[in-house]
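Biologist: I'd like to get to know this protein model piece by piece. Let's take it slowly, with the terms explained as we go.

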Amino acid sequence: MSEMPEPIERTSQWWELAAHQSEIADVHLRELFAQDPTRGERLNLAVGDLYVDYAKQRVTDETMSLLFALARKAKVEELRDSMFAGDRINVTEDRAVLHVALRAPRGAEISTDGRNVVPDVHEVLDRMANFAERVRTGGWVGHTGRRIRNIVNIGIGGSDLGPRMAYEALLPYADPDLDVRFVSNVDGNEFFELTRDLDPAETLFIVASKTFTTLETMTNARSAREWAMNVLGDESAVAKHFVAVSTNETAVAEFGIDTANMFGFWDWVGGRYSYDSAIGLSLMLAIGPENFLAMLAGFRSMDEHFRTAPLEQNLPAILGLIGVWNGNFFGAETLAVLPYSHYLASLTPYLQQLAMESNGKSVDRWGRVVGTQTGEVVWGQPGTNGQHAYYQLIHQGTKLIPADFIGIARPAHDVGPHQDIFMANFFAQPEALAFGRTADQVRADGVPEDQVAARTFAGNHPSTSILVPDLTPSVLGQLVALYEHKTFVQGAVWGINSFDQWGVELGKKLAQAIVPELTSESEPALSHDSSTNSLIRRYRALRRA
């Protein structure tokens, strides 16, 4: 672990930002735009296929300069370089953090503990591609000789949210003859609904669990095996209808899966950073190896930008620091991510895990309780649906809610006038949030005086707009990598370890202890708190009834 620095909130750079915030706290975005007619042309950055406009954030040139100084005080660039060098920056688990190696080109060198991991990555990618081609072309058939037409990915957390999000985002690139589904929740109703219309003879299950012990995943996997065997009847059929993404060869073999059809990954890949590894096998089956590799190239282009660009032109750094500014100095607690794309419906849930599991920490890398707010609550859904649900609170409520708007210029399917109407909303909402509507403007519209106050909009709500030409595999890779590295920057500034998740582990441990108390034939002795004990007894009574 590096030498313990002073907490970031005690540094002169932090206090300079606090003083600056008090000076501009009441400055309206209307005023900032009026003072600088070129603001909209200056406060943006085009990286790869992403055009990012942050002119509607409540920042000035001085703000950004002070934020860059804060990042340098927090040694963001040094920690970034350590990550790319394969150093063990995940200090609580003593691991390297090398999701960037998952998309490194063949022949590159990224090492940890003296081993270049890139050849290992490409060996798995090659095996995935070979398997995907066999399934897609009919070379791989089920136990009865029938072609595979259904793919069911069984995983949870990063083993579900990533491939699910990417599959939905890239649906126009998917093979229409393959029905791909995702089972994650241990609620048996989900498994029932997602499998009830499938034919086991045409269904392939991908069981995604690094340890092959995850409670939810293995419960669903065992139910899937029972469901398939009830029809296929022969235990040897498991090897033709189940493959594994795991590192536990023994457990995989005991389940009945041929270990030749086990696709591995490594402890330096966190679950929420893993869908571009073998965890993305369901995605590769759907969109094909070529499109999967194009997605990896998009990831890689943003990785290179983040690794090499100075902070002042570094897109993930800029967005990460603006998040720190809004959260730590303006008191914002949430971030609304609002994609204007039907295909990005699962992007926000994916980013929830990325941001909240990474930076939901209250202890820093040196074991100290943090002295400032960390993390941001990520939420939202695609426009324009959200406009008829919760935009009212963002526009006229009492909470400051920064927002990221994501728009696609060219739709996958051009249906009548839809796209221009859709994108008109994408442009209008950030404008309305920023500039609002004054009482005089409302009166000028002829609104009765007794309604003027209710129809006045304060504005001054910060937002970032991200515009891309098309939602291609490459663009998706660029977009996800942007948010990955933004999350990294924020964790580095706060001094926390963005790569462990002990809170998740605690919940798992407690659940494992409670399961036998729910399934026991006899009344168990309960040693929880009185509330939990009472709830368990009530549940057992309801189940018996």
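**Sheets, helices and odd spots**

Biologist: Which residue in E13 stands opposite alanine 403?

Modeller: A quick word on names: strands (E, at least two residues) and helices (H or I, at least four) are DSSP runs, numbered from the N terminus. Strand E12 (residues 403–408) and strand E13 (residues 463–468) pair in the parallel sense over 6 bridges, and pairing takes at least two DSSP bridges between two strands. Opposite alanine 403, in E13, you'll find serine 463.

Biologist: Before we go on, what kind of model is this?

Modeller: Residues are numbered from 1 along each chain as its sequence is written, and side-chain values use heavy atoms, leaving out hydrogens and water. Local features need pLDDT of at least 70, side-chain atom pairs count only at pLDDT 80 or more, totals for chains, interfaces and linings use all residues, and the model itself is predicted.

Biologist: Back to the sheet, then. Which strands stand at the edges, each with a single partner strand?

Modeller: That open sheet has 6 strands with mixed pairing, in the order E1-E2-E13-E12-E10-E11. One side of each edge strand has no neighbour in the sheet, because each has a single partner strand, and the two in question are E1 and E11 (377–379).

Biologist: Which helix packs on the sheet, touching strand E10, E11 and E12?

Modeller: Touching means contact here, that is, heavy atoms within 4.5 Å. Directions are compared through axes, which are lines fitted to C-alpha atoms (for helices over the stretch in contact), and angles run from 0 to 180 degrees between N-to-C directions. The helix's direction makes about 170 degrees with that of E11; residues 347–359 form this helix, H15.

Biologist: Is asparagine 44 buried or exposed?

Modeller: Asparagine 44 is in strand E1 (residues 44–47). Buried means under 20% relative accessible area, exposed over 50%, and partly exposed in between (1.4 Å probe, protein chains only). Asparagine 44 has 15% relative accessibility, so it counts as buried.

Biologist: What length is the polar contact between the side chains of asparagine 44 and tyrosine 51?

Modeller: Leaving aside neighbours within four places in sequence, asparagine 44 is in contact with Tyr51, Val52, Asp53 and Tyr54. A polar contact is a pair of N or O atoms within 3.5 Å; within protein, one must be able to donate a hydrogen and the other to accept it, and residues adjacent in sequence count only if both atoms are side-chain atoms. The one joining the side chains of asparagine 44 and tyrosine 51 is 3.2 Å.

Biologist: How are H1 and H4 arranged relative to each other, roughly parallel or roughly antiparallel?

Modeller: The axes of H1 (residues 12–24) and H4 (residues 61–73) come within 9 Å and cross at roughly 160 degrees. Angles under 35 degrees count as roughly parallel, over 145 as roughly antiparallel, 65 to 115 as roughly perpendicular and the rest as oblique. H1 and H4 are therefore roughly antiparallel.

Biologist: Which strands pair on one side only in the sheet with E6?

Modeller: This open sheet has 5 strands in the order E6-E5-E7-E8-E9, and the pairing is parallel. Its edge strands are E6 and E9.

Biologist: How many of the 5 residues of strand E5 are buried?

Modeller: In a regular strand the side chains alternate between the two faces of the sheet. In E5, Asn150, Val152 and Ile154 are buried on one side, and Ile151 and Asn153 are buried on the other. E5 (residues 150–154) is largely enclosed by the rest of the structure, because its buried count is 5 of the 5.

Biologist: Which residue in E6 is the bridge partner of asparagine 150?

Modeller: E5 and strand E6 (residues 179–183) pair in the parallel sense over 5 bridges. In E6, the partner of asparagine 150 is aspartate 179.

Biologist: Is the peptide bond from glycine 383 to threonine 384 cis or trans?

Modeller: Most peptide bonds are trans, and most residues other than glycine have a negative phi. Threonine 384 is in the loop between E11 and helix H16 (391–396). With omega near 5 degrees, the bond from glycine 383 to threonine 384 is cis.

Biologist: What is phi of aspartate 113 near?

Modeller: Aspartate 113 is in the loop between E3 and strand E4 (115–116), and it is exposed, with a relative accessible area of 59%. Its phi is positive, in a residue other than glycine, at near 55 degrees.
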